[in-house]
Each structure stands twice: as structure tokens, then as C-alpha cells.
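Open the model in your viewer and keep the selection tool handy. We'll go stop by stop, picking residues and looking at what sits around them.

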Amino acid sequence: MADTVRDPPPDGTDFHELEDGEELFPEPAAAPEESQPASLPAEDISTNSNGPKQDLLFDDDPEDLFAEATEEVSLDSPERDVLLSDGPSPAITPITPPTSVITPRIGHAHDDMFTHSSFDEIEEEEGGDSFDIHISVSDPEKVGDGMNAYMAYKVSTKTSMLLFKQKDFSVKRRFSDFLGLHSKLASKYLHVGYIVPPAPEKSIVGMTKVKVGKEDQSSNEFVEKRRSALERYLMRTVKHPILLKDPDVLQFLESSELPRAVSTQALSSAGLLRMVNKAADAVNKMTIKMNESDAWFEEKQQHFENLDVQLRKLHASVESLVCHRKELSVNTAQFAKSAAMLGNSEDHTALSRALSQLAEVEEKIDQLHQDQANGDFYLFSELLGDYVRLLTAVKGVFEHRMKTWQKWQDSQMLLQKKREAEAKLQFTNKPDKLQQAKDEIKELEGKVQQGERDFEQISKTIRKEVSRFEKERVRDFKMIIVKYLESLVLTQQQLIKYWEAFLPEAKAIS
Amino acid sequence: MMEEVKEVTSALSVHGHNIKITDVVKDGDVLTFVIVSQKLSGTGEYHVDRTWDDFEWLQQHLFSQEDVPGIQGVIFPPLPAKANGNTSAKVIKQLGVLGLGEWQPYVKALETFLQLVATHKILNKNKAVEVFLTSSDAPGRQKVKKNIFNRLSQAVEEMRKEGHKDVDEFFQTERDHNLVLTGCTKTAAEKFLDMVLTEQKIAVACGHFSAALHLCVEPGEDPDKKAFSRLCVQISEVFNSMKKNMTSVAENNVNTLGLGLDQESRYQEAEKEMLFRRTCKLVELENATRNAEKAKPVKKEAMEELKTATKTEFQEICRVAKQEIKQFQGVRVKMLQQALVQWCERQLLTAKESADQFNQHLQAFREMTQ
């Protein structure tokens, strides 16, 4: 398995360098490196990831559409629309999975991972190294002052997997690093059908408060919310068997220094949504409609449409619940205060004591309400929010499949035209032109074949991904509801303790 | 319709402590209560239908007993306000916590009113009480003549008498104490109501979530789909249990401590009104005394007579008031204790039931394969 880097990719590889970056994304791609085959990166990349190269490209990007601080992006806002850099499309850096591109790290077990000729083989080998990895994001720490300040988070990994150099290690990362990671993963995997988990949303309001040093409850809540979201994001990413082995992911988790992602043009869910809508429009304008010979895809797409609507409803419902729960906490605290005052004003000793006890019990109950509100939020609300965002990535891969199909059809149509043109040229006396036509036809035939292969591959990948998604979904929801129920039981047990302690006090009056 | 109350020589012919309101019927805007009282002779019960207007008729009769000495020193059992709003929001505004719980606490409050009146040694001698509890015809609906207890007549300048310094330390202390306590109790009752209303909102939100989860159920043989659908149904049941729990918690609150605080609050107000009446009489006495001193000889005798009469009235009021206050303190502490104990017991029961319920759900989830 030593012949790791090969160029050009062998026939076994199911992926091909994308030459027309602009087909995938609305913005035109202008970089010159586009037309080069997979061999290029193998020569240029000295480290084990696509990272540095990409950063360079991003640096060239004239329009930094996503500065550190952008406006709040809600689940529904369609404004954020550019997904990747305007200039060189990330398609330039070899988008093919690590197989053909990455120079393996010498001496590490990584070698074994990247010598496979296809993802299929990688996945089959998963069984060998069982999934055992736990990532936590902790210790948010403000670094710097004023508007240049940022939060640094400790990312700790505990694992027994051979994939990693150590068993227990940690690094410091900032939010833009996460966005940078996601951006790289999205550019490599989304368009070939992998559901890449979306990164947490940006928030200008939240971050500004933190930057200016507001140490109040709302900015603390914001940091905690973000910390939790980053943790879930990483766990979801590494749970994906392919993404886990991506060198960018490994570098993110292990490297003490990470090159700064300059333009963090993360694929926000809102941006994806916009892309999906644009693609949908394009599809409607297609003269030849996609012949959905595979009913499975049609059915799944419909299913995800429905699921999206339902999840949003559920999310809104839980948000309302969280809101009321917080309100209850406030009301309970106020009642506790009024009961304490009543106890103080009361002359009758036993009654006074009982009322004071009542006030204390209510204060404790208030704490329970707050904990429950957090449970509601961090367990359910964030879960549902994560899934709504995840569904946009799911929709995205379905759209990519359509685009892949379209590309294949376009090539076929072009081939047809060229063949007709060639046939006509047969009767003219222009040997040069004829030869050129024949050459073009040969090239196009290759393209058509590749197009078909791409389409089949993305279809296959999506099927697997959807199955994985659906299994994950059941696991995730089950895990959350179990945690939630545990908290509910605990709350009731606490209440029982409080009431049992209060009862004798109440009975002792008069 | 009775135009005149017949003369009844003996006191009440029924027991006062176990008067019950067994039923309440709503017809449009009007609530009709069925009141059952036990005959003293042990030979049976009286069942009568009364509306809130009938209660008010009774109260007005009690207020207008000017010939009973010291009547102004009585702490009149408080009658809850009339419920005539056409929306539940309006009713809650009128009645506070009594507007919740499907009239249960409201009925309890009316019951307590009747029990307190019927067991009051001065008040239960009034024939109106007997008529109210035993007459098969509804008492007259005519408005009784205006009386000293009609709050509307207490003009603004009267209100400043509230702060008038007392001549008796016992009463001064009681007035100060009552002032603080009425304020605190009212606030506590209001905050409690806020809590209950939010609990109800949470119950509704849980119900919505539970219903919304059912929409996620999809038909199909696909095992992953089936697993998710099943999960959604089960999570829906959890939230349904949460709704039941919160509804129970709110109900318990309303029927025990909510009612108790409301009762206490109105009772404190009743004491406040009595103390105010006494204070007004004190001011009257002080004025009469001053007038008698300053009177010119021709008026002097009349003024002295007035002063003496006022003094007697005042002393009677003080005598009755002292008894009433003692009685009142005993009753209110007992009522609050009962409310607190019941509240605690019911919430404890609900918590135990809910813990069991949630545990069952938890076990079911843990045992789920896949």
C-alpha cells in the first residue's frame, strides 16, 4: 500500500477533478489552475492537508464577503448567499477525497487510510478501528482587547483510535477556525454527495457584547450557547466515517498552530438555502427535465421537505416552552420574595416560620425551573435547530446530484452536436477541421462517460449518506430524550424532597 | 319574592360549620349555587338555589343592623366579588385566582363566607341568615338602603382618618400590623397568581409540542423511518405527561394555597375596614368631646348628651372589636395552616406520581432496541 500518491488517478477512482467550478456555484470562478488534473496538487502540497493551499487562494480573494462580524443569521434568513470565495473556486484544490491527493504523513497510521482507491474501501475498513472518540469544547477565554478581541476555546480530544497520534490531547481554537474547517470540508465533500454538518451560525450581536467586555448574563449565555454548539458540531463531524479521516479535521484537532482562516466564508445554512433555491429555479428552467428514474430519490426529497417544515414547527414550539419556563422562574423568584416579606411581617411565630420556609422552598424551586429551562433549550431546542440546519446540507447534496446529472446531459448534448458537425465535415475537404472535430469528440466521449460515472457515484453516495443520516437521527433523538427524561425525573425527585421537608413545618403551625 | 322578612324568634335552625355548596350551574352570565345545610334537629337538610345577588342581599342585611350595639366592631366575613365577565381574562381580572379552576375555588370561597356568617355569634342572629339558608324562595332582589358600610360613601377626606393616631396601644399596634400585613398578603396573592398563569402557559406549550410531534409520523416500511416515527410518538407521550404534570401543579396551587392567600387577603381587608370604622368613631368622639367643651351654655347639654352617646357607641365598638380580633387571629391562622398543609400534600402527591410516570417513560426508552 505504499504507492500512495498517484497521478493521474487510477480507474478505480470514482472522482474526477472538477474543471468548471462555476457550475456548482453561482459566482464565476476565475482561477487559472482549474483545468489541471489531480496531479498538480500532489506536487505542490508538502504538508498533509489542502489547507495551506486553500488559504492562499482565499487570500487572493478580493471580496471578503464574510468578515468576522456579520449580521445575525437566523434559521430563516436568506441573505447570506455566497458560500465560498468569489475568486478562485475551492474546486481548484483537489476536491477528490484524500485518496489521490494527500501526501500521507510518513510513519503514521494515516498512511493506511489514504491508499485506498475509493471511499467504498475506506468505509468497509472502518470495522477495524472502532469508533471511539470524544471531543469537548471548553474553557472559553477572551484573548485581546476591544474590537480585535476574540474567544479562544479549548478543544480536547480523548480517543483510542489509531488514527490519532495521541490518546488525550487538546488545542486552542477560535470561532473562525471552526468556520474555516467547515468551509474546507464543504468544498471537498458536499458536491460529491456527502452531508457535511454545517458550522454554528455567526452572530454579530453576541460577539460584539463579548468584545466590548460586557460581563453580563446574556453575554455569558451567548458564550455558553456557542461553546455547546461548537462541541456538537465537532462531534457530528467526526461521527462521519469519511470526514473523521480528513486531514483537515485531523489537523484541526491535533495541530497546536493552525493557519488563520482569513475569509471565513462558511457555508451557512441560510446561504445553502439560497443556493438551493437558485438551483431549484435553474432546474425549472431546464429544457430537459431530469428523468427521475429512481423513485427513491423523489420520495426522499419529499420526505426531507416535509421533515424540514415539521422540525421548524417543533423548534418554534420548544422556543415558546423555553420562554415560558424562564418566565416561570422569574415569577417563582418574585413569589418567593413576597412570601419572605409576608413571613417577616407575621406575628404568629409558627406561621411566620412556615412562611419563611415556604419562601426558601420556592427559591429552590426557582432554581429547578432555571435548570429545566436550560434542559429544554440545550437538549431540545438546540437539537431541533441543529437538524433544521443539517437538513439544508441534505437538501444541498440532492441539488448537487441534479447539477451532476445536468452536467452529464449537457456533455451528452454537446457530444451529439459535435458528432453531427463531424458528420457534415466528412463531406468537406478540411482534414484539419475534421481531425479537430474527431479530437473534440474523443474528449467529449470521455467527459460523457465521466459524467455518467459521477452521477452514479453521487447517487450511490447519497443513498448511503441518507441511510446514515436516518440512523443518526434516531440515535440522536433517542439520546436526547433519555437525557431529558433523566432530568425530568431528577427534578421531580428534588421536589419530593422539598415538599417532604416542608410538610412538618406546615403541620406545626398553631 | 319576599317583601318582608318574617320574624323568627330563635337563632339559626341549621348548623353553620358544615354548610356546603354542592353544585354550581352556569346559565349565560348567571351562576346559580346549590347550598345544602343540615338541620339542627338532625331531621334532614335544606337545599336552596342562590345567585351572587342573593349573597349580596344577605351581606347588605348584615351591614344594615344599626340597632345592634357595637356592630361596627364586627369583622364581617368577606364576600368574593361578583363574576360576570364574558371572557376568562375578564373573570380573572375580577376575581384573581378565584377565577381559575372551573369555579371550584370560587365556590369554596362562598362556602367559607356562609360558614363564617352562620357561626358568627352576632351575625347569625339576623333573620336574613335563616331566610337565605332555608327559604325555598329566593330572597328579595331589591337594593337595601344605603348603609354605613357602603364604601362608596367614604369620601376622600374620610380616608385621611385612616392614619389618625389612636388612644389605645393595643389598637394602634393592631392597625399598624394590619396595614403591613394587608399589603404583603395582597402582593403575595398577586405573585402567586402570576406563577399559576405561567404554569398554565407551559402546560399549553407542552400540549402543542406533543401534537406537533404526531405530524412527524410517516407511514412506510422503511425500518429507519419506522424507528423515527415510533420515537416521535413516544416523545409525544412524554410531553403529554409533562402537560398533565404542569396542569396538576397549577390546579393544586389554585385550589389550596391560591385560595388560601386570596381568602387571607380579603379577610385582612375586612379587619382593615373594621379598624377604620372604629377610627372614624374615635375621631367622631374626639370631635364631640371638643364640641362639648367649647359649647356655649345654651348648647352645652345637648353637646354633652351627644358626647356621652358617642362615647358609649365607641366603647361598645372597642369591646366587640377586641373579641373579634381575637377570634379573627385564631381563624385566619387555622385557615392558612390548612391551606399550606393541603398545598404541600397535594404537590407532594403530584410530584410522586409524575416521578413514576417519567421513570416509566425512561425505562421504555432505554429498553428500546436500536
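Start by selecting A:Glu327 and B:Lys201: their side chains meet in a salt bridge, with N to O at 3.1 Å. A salt bridge here is a side-chain nitrogen of Lys or Arg within 4 Å of a carboxyl oxygen of Asp or Glu. Between chain B and chain A the count is 7 salt bridges. There are also 14 residue pairs in polar contact between chain B and chain A, both residues at pLDDT 80 or more. A polar contact is a pair of N or O atoms within 3.5 Å; within protein, one must be able to donate a hydrogen and the other to accept it, and residues adjacent in sequence count only if both atoms are side-chain atoms.

Now colour the helices of chain B that reach this contact. On the side of chain B that touches chain A, α6 (169-214), α7 (223-294) and α8 (297-367) each supply at least two residues. Helices (H or I, at least four residues) and strands (E, at least two) are DSSP runs, numbered from the N terminus. Sorted by class, that side of chain B has 37 nonpolar, 12 polar and 12 charged residues. In this sorting, Ala, Val, Leu, Ile, Met, Phe, Trp, Tyr, Cys and Pro are nonpolar, Asp, Glu, Lys and Arg are charged, and the others, Gly among them, are polar.

A word on what you're looking at. This is a predicted model, where local features need pLDDT of at least 70 and side-chain atom pairs count only at pLDDT 80 or more, while totals for chains, interfaces and linings use all residues. Residues are numbered from 1 along each chain as its sequence is written, chains are lettered from A and ligands numbered from 1 in the order in which they are written, and side-chain values use heavy atoms, with hydrogens and water left out.

The model scores ipTM 0.91 and pTM 0.78. Chain B averages a pLDDT (the predictor's confidence in each residue, from 0 to 100) of 89, and 92% of the residues score at least 70. Where pLDDT is low, don't read the predicted coordinates in detail.

Next, select the whole contact, meaning heavy atoms within 4.5 Å. You should pick up 61 residues from chain B and 58 residues from chain A. Together the two chains bury about 5,500 Å², 75% of it on carbon and sulfur atoms. Buried area is the accessible area (1.4 Å probe) that two parts lose on being put together, summed over both. Show B:Phe209, B:Asp224 and B:Phe228 as sticks: they supply 10% of the area that chain B buries against chain A, more than any other three residues.

Move on to the loop between α2 (88-95) and α3 (104-118) of chain B, where you'll find B:Glu102. B:Trp103 is found in that loop too. What is the phi of B:Glu102? Its value is near 55°, positive in a residue other than glycine. B:Trp103 also has a positive phi, about 70°, although it is not a glycine. B:Glu102 counts as exposed, at 72% relative accessibility, whereas B:Trp103 counts as buried, at 17%. The cut-offs for relative accessible area are under 20% for buried, over 50% for exposed, and partly exposed in between (1.4 Å probe, protein chains only).

Step into helix α3 and pick B:Lys108 and B:Glu111, which form a salt bridge with the closest N and O atoms 3.6 Å apart. They are 3 residues apart in the helix, so about one helical turn separates them. B:Lys108 is partly exposed at 41% relative accessibility, while B:Glu111 is buried at 5%.

Last stop: chain A. Select A:Glu382 and A:Arg232, a salt bridge with the closest N and O atoms 3.1 Å apart. A:Glu382 is in helix α14 (residues 349-426) and A:Arg232 in helix α9 (residues 217-239), so the pair links distant parts of the chain, 150 residues apart. Both A:Glu382 and A:Arg232 are buried.Stay in helix α14 of chain A and select A:Arg389. A:Arg389 counts as buried, at 15% relative accessibility. To finish, draw a distance from its C-alpha atom to that of A:Lys326: the two are separated by 25 Å, and the residues lie 63 apart along the chain.
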